[in-house]
Amino acid sequence: MSHSTRCAACKSLRRRCTKDCVLAPYFPPTNPQRFACVHKIFGASNITKMLEQLPLHLRAVAADCMSFEASSRVEDPVYGSVGIISQLQEQIIEAQSELVKTKSEIAFHNAQQQL
């Protein structure tokens, strides 16, 4: 890569971006905030090590997961993505409860109609 098209990671770390940069495909120069957030939570060395240990076909998913976890952790330092998951589980339980209630009301209504 040339100096003007460094990936967001190399630009942030103020280093030359080589053509075999492991971070370049997942942290493009057009989205510097993505790397900044992941770097803040995991650190550049850890990100690089994690990606290098994975097969190529899994690296994009891993980078996306790290990005999601990092942005969740920045927004909610205590719970991170676990807080989001807990909220969604509560919403599912509420929706299931509402569904059971609605089905019982329909059954009651149908039973009334048959009388």
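**Cysteines**

I looked up C21 to begin with. In this predicted model, C21 is buried, at a relative accessible area of 13%. I then asked how far the sulfur of C21 is from the closest cysteine sulfur. The distance is 3.7 Å, and the partner is C10. That is too far for a bond, because a disulfide needs the two sulfur atoms within 2.5 Å.

I ran the search over the whole structure. It returned 0 disulfides. C7 is in none either, and the nearest cysteine sulfur to it, that of C10, is 3.6 Å away. I checked the exposure of C7 as well: C7 is buried, with a relative accessible area of 0%.

**Nonpolar core**

Next I looked for the largest nonpolar core. I find 21 residues in it. Which residues have the most contacts inside this core? They are C7, C21, L23, F27, F35, I47 and L51. I noted that both C7 and C21, the cysteines from my entry above, are in that list.

I then sorted the core by element. Helices α1, α2, α3 (44-52) and α4 (56-75) each give two or more residues to it. Which element supplies the largest share? I get α4, with 4 residues.

As background, I wrote down that nonpolar side chains tend to be buried together in soluble globular proteins.

**Aromatic pair**

I searched for aromatic pairs. The count is 1. The pair is F27 with F35, and its geometry is edge-to-face. I recorded 5.4 Å from centre to centre and 75° between the planes. The edge-to-face label follows because that angle is over 60 degrees. Are these two residues buried or exposed? F27 is buried, and F35 is buried too. Both also appear among the core residues with the most contacts.

**Salt bridges**

I searched the whole structure for salt bridges and got 2.

One joins R34 and D64, where the closest N and O atoms are 2.9 Å apart. This pair links distant parts of the chain. R34 is in helix α2 and D64 in helix α4, 30 residues apart. I compared the exposure of the partners. R34 is buried, at 17% relative accessible area, whereas D64 is partly exposed, at 43%. R34 gets the buried label because its value is under 20%.

E69 and R73 also form a salt bridge, at 3.3 Å from N to O. How many residues apart are E69 and R73? They are 4 apart in helix α4, which means a separation of about one helical turn. I looked up R73 as well: R73 is partly exposed, with a relative accessibility of 25%.

**Surface patch**

I turned to the surface. F68, I84 and L88 form a nonpolar patch there. Together they have about 260 Å² of accessible area. I picked I84 for a closer look. I84 lies in helix α5, which covers residues 81-114. Its relative accessible area is 33%, so I84 counts as partly exposed. I84 can join a patch because this value is over 30%.

**Backbone at R14**

Last, I checked phi at R14. I find a value near 55°. That is positive, and R14 is a residue other than glycine. Where is R14 found? I place R14 in the loop between α1 (8-13) and α2 (32-42). R14 is exposed, with a relative accessible area of 76%.

Methods:
Residues numbered from 1 in each chain as written. Predicted model: local features only at pLDDT ≥ 70, side-chain atom pairs only at ≥ 80, totals over all residues. Heavy atoms only, no water. Patch = residues over 30% accessible without salt bridge, like charges linked within 9 Å, V, L, I, M, F, W, Y side chains within 5 Å. Areas by Shrake-Rupley, 256 points an atom, 1.4 Å probe, with all protein chains shown as cover. Salt bridge = Lys/Arg side-chain N within 4 Å of Asp/Glu carboxyl O. Buried < 20%, exposed > 50% of the residue type's maximum accessible area, 1.4 Å probe, protein only. Phe/Tyr/Trp six-rings, centres within 6.5 Å; stacked < 30°, edge-to-face > 60°. Core = buried A, V, L, I, M, F, W, Y, C linked by side-chain atoms within 4.5 Å.
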